[in-house]
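Reader: I am new to this structure and would be grateful for a close look at a single part of it, the charged side chains and the way they meet. Please set that part in its surroundings as well.

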Amino acid sequence: MSGAARLIYLPLGGAGEIGMNCYVYGYGPKDAERLIVVDLGVTFPDMDSSPGVDLILPDITWLEERRDRIEAVFVTHAHEDHVGAVGHLWARLRAPIYARVFTATIARGKLAEYGLSEKEVTVVNPWPEQVTAGPFRVGFVPVSHSIPETSSLVIDTPEGRILHTGDFKLDPNPIVGEPWNPDVFAAIGKSGVKALVCDSTNVFSPEAGRSESSIGLAIEELVQAHDGMVVATTFASNIARVRTLAEAGKRAGRSVCLLGRAMRRMVEAGVESGVLTSFPTTVAPEDAANIPSENLMLIVTGSQGERRAASAQLSRGKYLGLELKDGDLFLFSSKTIPGNERDVIRIMNAFSERGVDVVDDSGGRYHVSGHANRPDLQMVHKLVKPQMVIPMHGEHRHLRAHVKLAEAAGITGVLAPNGTLVELQGNAPHIAEYVETGRTYYDGTAYIGALDGIVRDRLRMAMNGLVVVTLIIDEDGEVLGDPWCDLKGLSETGRSNAPLVDILEEDLSQFLGRADDRTLADDDKLEDAIKRIVRQTCQNEIGKKPEVTIVVSRLG
């Protein structure tokens, strides 16, 4: 172990993908660095790649093996992809958590869900106050985003200052939460910034970002102009947008009802933490059902097509006594996250079949992004004047484009996707090693590794079907009766126009009738032979090679 101290940066999630954010900073001798963690987020599954999975978490094996060296966890804001894994993973790290008031309220709720003490979360005041965590001094710098009290982090180390932007946008009037203040960032930069670790989500958007306050009038005009019921969906965490929608409904003379637990929880957290100082009076769902549709506005969860959210429930028919009908309006005041398009379109079409007018944000009138666009990133580069830029929070193509953007301005860019351990000491960054990273699936109440094969088996069964073969062998090694097969997810008949199960059982009976004693006595050989026959027969009959499970019962 070398005695020379080094400053390191290691993303375990969120770099090379959008979601599941988890970043590590360390300082000290190699293999003895003191560590801090920034964010513990989740990403969400889809039926195509992770069927049946409830949540996807970062693989923190590397961190867990070094948990005696972790000083603290700092959470930048309360979006699920930054705070959603706190309850799931804290027991494996057992380090104090620091966050601002609103984020701390959400984080404490995450811990409470898993019977963990809310006292593990400490509320901190904004910059210029700092928290000392081992060799680090960390300050929360207010920035605007699509959720209140989002913060960039100033991380002061013996090797220099790091500015970790977190998610941010340049919004001087975000409605709820703190505005972007360029003077603060310029002052932080004047002290010298070694590394700007920066949001890359909108690096391909060529126009400067728009303010949250710019869309209120368009939403109000849309609600005013409609005669039937109006329903709007947005991200539940964007309580500024939720308030804008609610105020538009009130001004149109409508009663406002919030549908969806996440929506109500976020508004309550905003009020509890003091970031939401006013919100229109709402009615309960059971009361909303008795209000004439032309006098009602619903604000509902499910902007990304989530199957169990209020939007999806309404698209399928009556939900909590409420039903959309011909001539009603449904507004998506949100951007569809890449990968969710199919689910969102399915809901749109379901509403259309009911005669509901669906309005999305394809024209840009009813939604603005919570992330900095390309010109905004350039402005931050100029204000902060970092020695190097390390892009994060983006797919690989976003990170690569952000590196090129920095280098075009004469700043060293470092491409560091998940698992890339970068040494930051000295005047130039150095990629020191690659750490194995991955995903952990939260499946029901179990945590399973991405390489455990469980999800892979589900995908194979979904694509190819399943055959279960059962046979009984007596104490003398003789097969009793015929084998029988159970089929799941396969056609009942094939090219022979005979039941597939009959053909399989006949082929297996013929094989067992001529199998020698050595094969019948060896479970491995027997199973290999049966699998080969089942797959070959199914391929010939229906063009599929199914998954095969074999149950051999031996008597005596």
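Author: A salt bridge here is a side-chain nitrogen of Lys or Arg within 4 Å of a carboxyl oxygen of Asp or Glu. By that criterion, a network of salt bridges links Arg-6, Glu-33, Arg-69, Glu-423 and Glu-433. The model in which this network appears is a predicted one.

Two members of the network belong to a pair of strands. Glu-423 falls within strand 22, residues 420–423, and Glu-433 within strand 23, residues 430–434; these strands pair in the antiparallel sense over four bridges. Within this pairing, Val-422 has Ile-431 of strand 23 opposite. The hairpin that strand 22 and strand 23 form has six residues between the strands, and Gly-426 adopts a positive phi near 80° there.

The network may now be set within the whole protein. The secondary structure consists of 17 helices and 28 strands, and the C-alpha atoms fill a box of roughly 85 × 75 × 45 Å along the principal axes. Of the 556 residues, 51% are buried. Across the whole structure, a search finds 24 salt bridges.

Several individual salt bridges deserve attention. One of them joins Lys-110 and Glu-80, whose closest N and O atoms are 2.6 Å apart. This pair connects distant parts of the chain, since Lys-110 sits in helix 4 (residues 101–113) and Glu-80 in helix 2 (residues 80–83), with their positions 30 residues apart in the numbering. Lys-110 counts as buried because its relative accessibility is 11%, under the 20% limit. Glu-80, by contrast, has a relative accessible area of 25% and is therefore partly exposed.

A second salt bridge brings together the side chains of Glu-178 and Arg-100, at 2.5 Å from N to O. Here too distant parts of the chain are linked, the two residues being 78 residues apart: Glu-178 is in the loop between strand 12 (160–164) and helix 5 (182–190), and Arg-100 is in the loop between strand 7 (97–99) and helix 4. Arg-100 is classed as buried because its relative accessible area is 5%, whereas Glu-178 reaches 23% and so is partly exposed.

A third salt bridge is formed by Glu-395 and Arg-397, with 2.9 Å between the closest N and O atoms. Glu-395 has a relative accessible area of 26%, so it is partly exposed. Arg-397 is likewise partly exposed, because its relative accessibility is 48%.

Charged residues also gather without salt bridges. Glu-475, Asp-476, Glu-478, Asp-516 and Asp-517 form a patch of negative charge on the surface. Among them, Asp-516 lies in the loop between helix 15 (500–514) and helix 16 (517–521). Its relative accessibility of 41% is why Asp-516 counts as partly exposed. Asp-443 offers a further case of an acidic residue: it is placed in strand 24, residues 439–443, and is buried because its relative accessible area is 16%. The C-alpha atom of Asp-443 is separated by 9.5 Å from that of Val-455, 12 residues away along the chain.

The backbone around these features has some particular points. Most residues other than glycine have a negative phi, and most peptide bonds are trans. Against that background, Lys-385 has a positive phi near 50°. Lys-385 is located in the loop between helix 12 (374–384) and strand 19 (388–392), and it counts as exposed because its relative accessibility is 62%. Asn-497 also has a positive phi, of about 60°, although it is not a glycine. The loop that holds Asn-497 runs between strand 27 (479–488) and helix 15; with a relative accessible area of 69%, Asn-497 is therefore exposed.

Arg-94 takes a positive phi of about 50° just after helix 3. Helix 3 itself, residues 86–93, is mostly covered, with six of its eight residues buried. Those buried residues are Val-86, Gly-87, His-88, Leu-89, Trp-90 and Leu-93. Finally, a cis peptide bond with omega of about 20° joins Trp-127 and Pro-128, and Pro-128 is in the loop between strand 8 (121–123) and strand 9 (131–133).

Methods: Residues are numbered from 1 along each chain as its sequence is written. This is a predicted model: local features need pLDDT of at least 70, side-chain atom pairs count only at pLDDT 80 or more; totals for chains, interfaces and linings use all residues. Side-chain values use heavy atoms; hydrogens and water are left out. Patches are made of residues with over 30% relative accessible area and no salt bridge: like charges are joined within 9 Å, nonpolar side chains (Val, Leu, Ile, Met, Phe, Trp, Tyr) within 5 Å. Accessible areas come from the Shrake-Rupley method with a 1.4 Å probe; for residues, only the protein chains shown count as cover. Lys and Arg count as positive and Asp and Glu as negative; His and the chain ends are not counted. The place of a charge is taken as NZ of Lys, CZ of Arg, CG of Asp or CD of Glu. Buried means under 20% relative accessible area, exposed over 50%, partly exposed in between (1.4 Å probe, protein chains only). Two strands pair if DSSP finds at least two bridges between them.
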